[in-house]
Structures are given as structure tokens and as C-alpha cells.
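Please open the model in your viewer and keep the sequence panel beside it. The stops below proceed from the whole chain to single side chains.

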Amino acid sequence: MITSVIESVHEVPAAEWEHLARPAGLYLSHRWLAGEEEDPTATCAYALVRDPDGALLAAAPLYLVRDEPNDGYRPETVLPPHLRPRVIAGARRGYHNTPLTAPGLDPGRRDACLSLLQGAVRAFADRHGTTHWWPYLTTTAAARLAPLYPDPALHLEDDALIPLPGTGIDDYISSLPSQRRVGIRRERRLFAAAGPVVRRQVLADCFEEAAVLLAGHQQDHGHDRDGIGAMTALLKRQAAAMGSEARVVAAYDGPRMTGFCLYYHYGTTTWIRAVAFDRDHPTPHLYFNLMYYLPVEDGYAHGTTALHAGMTTIEAKRRRGARVSGLYALVDRHPAGPGGAQAGTPQAGTPQVRTPRDRRPLPSA
């Protein structure tokens, strides 16, 4: 097998990349990654593993970060103090990460690909005088990569995925316990009775209005760098990169947007990207309808079978049927070379994956 590092995802045909990425999720898709190359805060690269015939077997985006505006991806905010990697391996946004491997690989060949991929990532970081980490790995991804790293995986957050059974939102509601069915029907009924105008549109047509609400939401949560200018630039770049794939459902009071949800249909999943609303607006249950019920309706219309609801407010998501799993980080502590821990030689006696909370081994993959 042959490893290489390239400078742009455009060097790989979209269909070839998507063969690996589509099962993995939106934030590793060809189109999303192409848009991320426009972000000036990091230098992008891509580690590839191919077979002798040139078929793509494994891949990972790489980001040499110069200035990380998102606290959730800043090593100093989520990792132990002695770990300060500057290279991110895998997805840099979306809090959902995994190395890409070709579907259908047998476990032995898949693990060989991951070892080669990790070696390419380590060498890239070493050339830049730093180390690398994989943030927000799924449980399966963390279990597969952990034998290649000297320390156990660190539990960062929990992730929520809401199954969408059947063919419409009534099927989703019927799948929940009776008490939750009553609550959701009430939340939908009171929202509709308040009479907001609901519009479905592409992000390009409303990113400026949405940016005002998103900036307010971010600053309410202590993210002072995320002002209107920054959020406008972010959503404008995303709208340009994702085009008609960037979908918005928004509530309006007359001409004024009072809340919105930005989401994507990718693979079999509807991915919630951002939700924000005017906290001073009196529309009842505005947030729950924007976050869950309106995207669920659209997900059914597009044939998806799950809603990726992401991190935070996990119990509220459990009450709406979410299946919850962990998100983990793996960190390369030492550069390759004398005295450094080498790929494929984890410390003796280290389980594949352990959480810092309880140290129980996670399922192997």
C-alpha cells in the first residue's frame, strides 16, 4: 500500500472520496472539506492510503492550526495541560470524527490502512515541529485507532442521534413513550397556534439574518469572539461552499426572523448544524420546533432515517428518542524519533479505550 499527503481535496475526484466519506458523515464529505479549505485559520492537507492499483483505501484531512476560534477544538480547553498538539487529524468541525476507510475492507487490511494513515499523520505533524490529535472520535473510531497511540482515549462529550422510523413524523412520535408523545404533540400544537410564519429556504438567501441570531446565541454562551461580523462571514462561506445543500427552516414574525435551524441531508442522516432564536420573542416552544420537529419533518420528506442532534442538552435529546454514545480524543504525545512513542507500539497493559470518568473498557471494534 502507498501513502501520500496532498494539499487539496480537489486532487481526489469527488466520487472517489465520497465512496469512503458517505458512511462516515457530513463533516468528512468532499464538498464540506472543500469549503473548509477557505478558512484562513489553518493550513489543510490530506493523508491518503492507496493500493498498488491506485484505489483509495483510507484518508484523513489534516489541519495545521494557526488560530483556533472554536473553544471546543482548542487543546488547552479540552485536553490535559501537558498536551498541546497543533495538528488536527480528521474533521475539524461538527464534533463528529472518524478516519475514512473503504467499505468492505476485512479487519486485518483495515487495521493495516489505519496504521499507515497514522504514520502519515504523525510524519506530517513532525515536519511542522508538533504532534497531532483526533478530536471527537466516535466510539467505534476511537476503539480502532487506540492501539496505535500511547495513552487511552479521553472522553470529551456525548453525542445524540435520533432514529426516524417509518415514513413520517407521526411514526416518530408514536415510537416514543406515551408521556413524551403527549408532550411533543402539545409543543407542536402550541407553536402552530401562535401563528409564526415558517419558511424553508437555502442558507444563501438568509445568511445575514441568521448571523444576527447566531451571534446573539454564541455571545449568550460566553463566546465573545463570535460577533455579527464573524458569524456573517462564517455563514456566507458555508452558503457559498454548500449551495443548495445548506437548508434553513426559519420562523418569522412579519418580516423579522425570530429563529432558525441550519441543517443538511447527507447519507441517511439529517445533520443539525446550528440553531438560534430570539430569546425575547414570545413564541411558545420555538426552540424545540426548530431543533427537532421541523427538521424531522424535512428529514422524512428527504428519506433520511436519523436526525443527528449532536452534543449538549443530552437529557432533553434522550427524552425525544435519542441514542447517546461517547465522543473521544486520541492524542500523540511525542513526535516520531528518538525517545518518541512509535506507531503500533502502545504502552504495555493499556486497554484499547478508557474514559477518564470511570476507566471502564469500551467495546472493541
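The tour begins with the overall chain, then visits a group of strands, several charged pairs and one aspartate.

This is a predicted model, in which local features need pLDDT of at least 70 and side-chain atom pairs count only at pLDDT 80 or more, while totals for chains, interfaces and linings use all residues. Residues are numbered from 1 along each chain as its sequence is written, and side-chain values use heavy atoms, with hydrogens and water left out.

**Whole chain**

Display the chain as a cartoon and colour it by secondary structure, which shows 11 helices and 13 strands (helices are DSSP runs of H or I with at least four residues, strands are runs of E with at least two, and both are numbered from the N terminus). The radius of gyration is 21 Å, close to the 21 Å that the globule rule gives for 365 residues, so the chain is as compact as a globular protein of that length (the radius is taken over C-alpha atoms, and the rule is 2.2 Å times the number of residues to the power 0.38). Along the principal axes, the C-alpha atoms fill a box of roughly 70 × 45 × 45 Å. Of the 365 residues, 52% are buried (buried means under 20% relative accessible area, exposed over 50%, and partly exposed in between, with a 1.4 Å probe and protein chains only).

**Strand 3 and its partners**

Select residues 56–65, which form strand 3, where 10 of the 10 residues are buried. Adding residues 42–50 brings in strand 2, which runs antiparallel to strand 3 and is joined to it by nine bridges (two strands pair if DSSP finds at least two bridges between them). Within this pairing, Cys-44 has Tyr-63 as its bridge partner. Five residues separate the two strands of this hairpin, and Gly-54 in the turn has a positive phi of about 95°.

Next, select residues 87–89, which are strand 4 and pair with strand 3 in the antiparallel sense over three bridges; here Leu-62 is matched with Ala-89. Strand 5, residues 100–101, also pairs with strand 3 in the antiparallel sense, over two bridges, and its Thr-101 stands opposite Ala-58.

**Charged pairs**

Which residue meets Arg-50 in a salt bridge? Show side chains as sticks and select Glu-16, whose side chain meets that of Arg-50 at 2.7 Å, N to O (a salt bridge is a side-chain nitrogen of Lys or Arg within 4 Å of a carboxyl oxygen of Asp or Glu). The two residues are 34 residues apart, with Arg-50 in strand 2 and Glu-16 in helix 1, residues 14–21. Arg-50 counts as buried at 19% relative accessibility, whereas Glu-16 is partly exposed at 24%.

Move to Glu-68, which forms a salt bridge with Arg-92, the closest N and O atoms being 2.9 Å apart. Glu-68 lies in the loop between strand 3 and helix 3 (75–78) and Arg-92 in the loop between strand 4 and strand 5, so the pair ties together parts that are 24 residues apart in sequence. Glu-68 also meets Arg-93 in a salt bridge of 2.8 Å, N to O. Widen the selection to Asp-39 and Arg-237, which are linked with Glu-68, Arg-92 and Arg-93 in a network of salt bridges.

**Asp-298**

Finally, centre on Asp-298 in helix 10, residues 286–301, which is buried with a relative accessible area of 9%. A polar contact of 2.5 Å joins its side chain to that of Tyr-263 (a polar contact is a pair of N or O atoms within 3.5 Å; within protein, one must be able to donate a hydrogen and the other to accept it, and residues adjacent in sequence count only if both atoms are side-chain atoms).
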